[in-house]
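Ready for a few short exercises? Take a look at the chain below, then work through each task before reading its solution.

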Amino acid sequence: MAERKTDLALEIRESFPRNHVEIKGVVLEKKYEEKAKAHITTVQINDERGSRAMGKPKGCYVTIESENMPKDEEGKEALRYCIGHELERMMPKQDNTSALVVGLGNRQVTSDSLGPRMVDHVVVTRHLEKEIGMEFLKEHNLGIVSAIATGVMAQTGMEALEVLKAIVKETKPDVVIVVDALAARSMSRLCTTVQITDTGISPGSGIGNHRKELSKRSLGVPVVAVGVPTVVDARTIISDHLERVLSKQGYNEYEIENFIREVFQDEMDNLFVTPKNIDESVAIIARDLAEIMNLCFWRSHKKV
């Protein structure tokens, strides 16, 4: 079928014609967390063969899907714990881990403002180590955290990678955690899904606006990427609807694909759709992700 733009490894795995067959070099695991009412899917890409098949770097991609975020309060605490647990699994296992939390995206564009808004709520403590001392952080069970929203190239004239290289060189964090808004194929996954990966991120790749990758290879320290899909491209919405309608009318896959290609025009390449309540959703998710970060560093420092 026609190509769908997505940042989610899970959706790329689902896009294979026979999803139940094995893909060499790719391991798929699924589980359900009852308390959080969350479906957790792990896509592990083990080698270059799997990387080529998926179009993604080797590494671990964990997707957490739950209707509890951000629609109601019931189960939110369990969901935050669930997401925090998956995030902690990808962080370095050492005492007094220092982290640089990075919010990617454009604060002026609501659907792309998740990263910068999240940074507003992160508890930063790195300055306390210098001003008060490490004993204060230990006494109050605080991790060593710094944070920055890098802005976008149109605002700063710099790639996020250029900014972060300088910061990492100066501050020497043990891990960089980047948070960004993503693109999805499925409308149902908008603002209800979190993807965590230890491979880093290429900002804007889901909407075809590729920037230089942020990864251990480019920054010299482990990079964990956390993303929530907030947009879906118009082609996907129209294609999915046409596929359902034409399939019911008896057209085969080849005929449907040719018809969809004839329908689309190049002008639709840059058209993306976001939910009508995106303002509220992004504000809530940004606070929730920041709280998860804060609790995660508190827990990791106490080694609970």
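**Exercise 1.** Find which residues Val-226 touches, leaving out residues up to four places away in sequence.

*Solution.* Start with the run Ile-177, Val-178, Val-179 and Asp-180, which Val-226 touches. Next come Val-194, Gln-195 and Ile-196. Finally, add Leu-87, Leu-289 and Met-293 to the contacts of Val-226. Keep in mind that this is a predicted model.

**Exercise 2.** Work out which residues have the most contacts inside the largest nonpolar core, and which helix gives the most to this core.

*Solution.* The largest nonpolar core holds 39 residues. Val-226 is one of those with the most contacts inside it, along with Ile-64, Leu-114, Met-118, Ile-196 and Leu-289. Helix α13, residues 278–302, contributes the most, with ten residues. A second, separate core has 20 residues, including Val-102, Leu-182, Leu-190 and Val-223. As a general guide, nonpolar side chains in soluble globular proteins tend to be buried together.

**Exercise 3.** Decide whether Pro-229 is buried or exposed, and find what it touches.

*Solution.* First, place the residue: Pro-229 belongs to strand β8, residues 223–233. Second, apply the cut-off: buried means under 20% relative accessible area. Pro-229 has 0% relative accessibility, so it counts as buried. Third, list its contacts beyond four places in sequence: Leu-8, Leu-182, Ala-183, Ala-184, Arg-189, Leu-190, Cys-191 and Thr-193. Asp-180 is 49 residues from Pro-229 in sequence, with 8.7 Å between their C-alpha atoms.

**Exercise 4.** Find what share of the protein chain's 304 residues counts as buried.

*Solution.* The share is 50%. The chain that holds them has 13 helices and nine strands.

Terms used. Residues are numbered from 1 along each chain as its sequence is written. This is a predicted model: local features need pLDDT of at least 70, side-chain atom pairs count only at pLDDT 80 or more; totals for chains, interfaces and linings use all residues. Side-chain values use heavy atoms; hydrogens and water are left out. Helices (H or I, at least four residues) and strands (E, at least two) are DSSP runs, numbered from the N terminus. Buried means under 20% relative accessible area, exposed over 50%, partly exposed in between (1.4 Å probe, protein chains only). Contact means heavy atoms within 4.5 Å. A nonpolar core is a set of buried Ala, Val, Leu, Ile, Met, Phe, Trp, Tyr and Cys residues joined through side-chain atoms within 4.5 Å.
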